[in-house]
Amino acid sequence: PITVKIFKILVQEFKNILEEKEAEKAGDLDSEDEEDGDEDYEEETQIMTLAQMAQFLGDDDDEDEDNKDDPLNDVDLHDHLSQFLTQLSTHGSYGQLCQALNENEQKVLGSMLVSGS
């Protein structure tokens, strides 16, 4: 069903945001330490988040001018998804949705609910 697909997309996006935040933290630490070229190559192979993909695909300067004051630009997607998924976890159909997730997606949700991200 479409609800399962949407749920999986939201979980995947949350995972991408977490990985992006971890990469930013690691980038701050890595800038202090010298590393060899093999590790640098691995860091370059990142997955685009939805926001990055939208920015990449929508590179229209006129639209940027029109949308710069859009309140959606101020939404913290990490916090919003975290709150939404946490609230969803109290819903009766949450268990059924989780059954459709693969192991990695379940780990993302488990770590979010445990850490309270």
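Lys-8 and Glu-105 form a salt bridge in this predicted model, and their closest N and O atoms are 2.8 Å apart. The two residues belong to distant parts of the chain: Lys-8 sits in helix 1 and Glu-105 in helix 7, with their positions 97 residues apart in sequence. Lys-8 is partly exposed, at a relative accessible area of 24%. Glu-105 has a relative accessible area of 7%, so this residue counts as buried.

**Salt bridges**

How many salt bridges does a search of the whole structure find? The search gives three. They are listed here with their N to O distances.

| Salt bridge | N to O distance |
|---|---|
| Lys-8 with Glu-105 | 2.8 Å |
| Lys-15 with Glu-19 | 3.8 Å |
| Lys-107 with Glu-103 | 3.5 Å |

Lys-15 and Glu-19 are both part of helix 1, where four residues, about one turn of the helix, separate them. Lys-15 is partly exposed at 22% relative accessibility, and Glu-19 is partly exposed at 36%. Lys-107 and Glu-103 are four residues apart in helix 7, so about one helical turn lies between them. Both Lys-107 and Glu-103 are exposed. A general rule applies to such spacings: an α-helix has 3.6 residues a turn, so residues three or four places apart point the same way.

**Overall fold**

The protein has seven helices and zero strands. Along the sequence this gives the pattern α-α-α-α-α-α-α. Of the 117 residues in the protein, 19% are buried. Among contacts with a separation of 6 or more, 79% are between residues 24 or more positions apart.

**The nonpolar core**

The largest nonpolar core contains 16 residues, and Phe-7, Phe-14, Leu-85 and Leu-109 have the most contacts inside it. Which helices each supply at least two residues of this core? They are helix 1 (2–30), helix 5 (77–88), helix 6 (94–99) and helix 7 (103–115). Helix 1 gives the largest share, six residues. In soluble globular proteins, nonpolar side chains tend to be buried together.

Phe-7 is buried, with a relative accessible area of 2%. Leaving aside residues up to four places away in sequence, Phe-7 touches Leu-85, Leu-88, Tyr-94, Leu-97, Cys-98, Leu-101 and Leu-109.

One of these partners, Tyr-94, also pairs with Phe-7 through its ring. A search of the whole structure finds one aromatic pair, and it is formed by Phe-7 and Tyr-94. Is the pair stacked or edge-to-face? The geometry is edge-to-face, with 6.1 Å from centre to centre and 80° between the planes. The pair links distant parts of the chain, since Phe-7 is in helix 1 and Tyr-94 is in helix 6, 87 residues apart. Tyr-94 has 11% relative accessibility and therefore counts as buried.

**Helix 5**

Helix 5 has 12 residues, which at 1.5 Å a residue should span 16 Å. The C-alpha atoms at its ends are 16 Å apart, so the expected span and the model agree.

The buried residues of helix 5 are His-78, Leu-81, Ser-82, Leu-85 and Leu-88. Why do they lie on the same side of helix 5? They do so because the arc they cover around the axis is only 135°. The face turned away from this buried side carries the exposed residues Gln-83 and Gln-87.

**Two further positions**

Glu-13 and Gln-99 each have a partner that is distant in sequence. Glu-13 is in helix 1. Is Glu-13 buried or exposed? Glu-13 has a relative accessible area of 5%, which means that it is buried, since the cut-off for buried is under 20%. Glu-13 and Leu-77 are 64 residues apart in sequence, and their C-alpha atoms are 9.2 Å apart in space.

Gln-99 is in helix 6. Its relative accessibility is 68%, so Gln-99 counts as exposed, the cut-off for exposed being over 50%. The C-alpha atoms of Gln-99 and Val-4 are 9.5 Å apart, while the two residues are 95 residues apart along the chain.

Conventions: Residues numbered from 1 in each chain as written. Predicted model: local features only at pLDDT ≥ 70, side-chain atom pairs only at ≥ 80, totals over all residues. Heavy atoms only, no water. Core = buried A, V, L, I, M, F, W, Y, C linked by side-chain atoms within 4.5 Å. Buried < 20%, exposed > 50% of the residue type's maximum accessible area, 1.4 Å probe, protein only. Contact = heavy atoms within 4.5 Å. Phe/Tyr/Trp six-rings, centres within 6.5 Å; stacked < 30°, edge-to-face > 60°. Salt bridge = Lys/Arg side-chain N within 4 Å of Asp/Glu carboxyl O. Expected span 1.5 Å × (residues − 1). Arc of directions from axis to C-beta.
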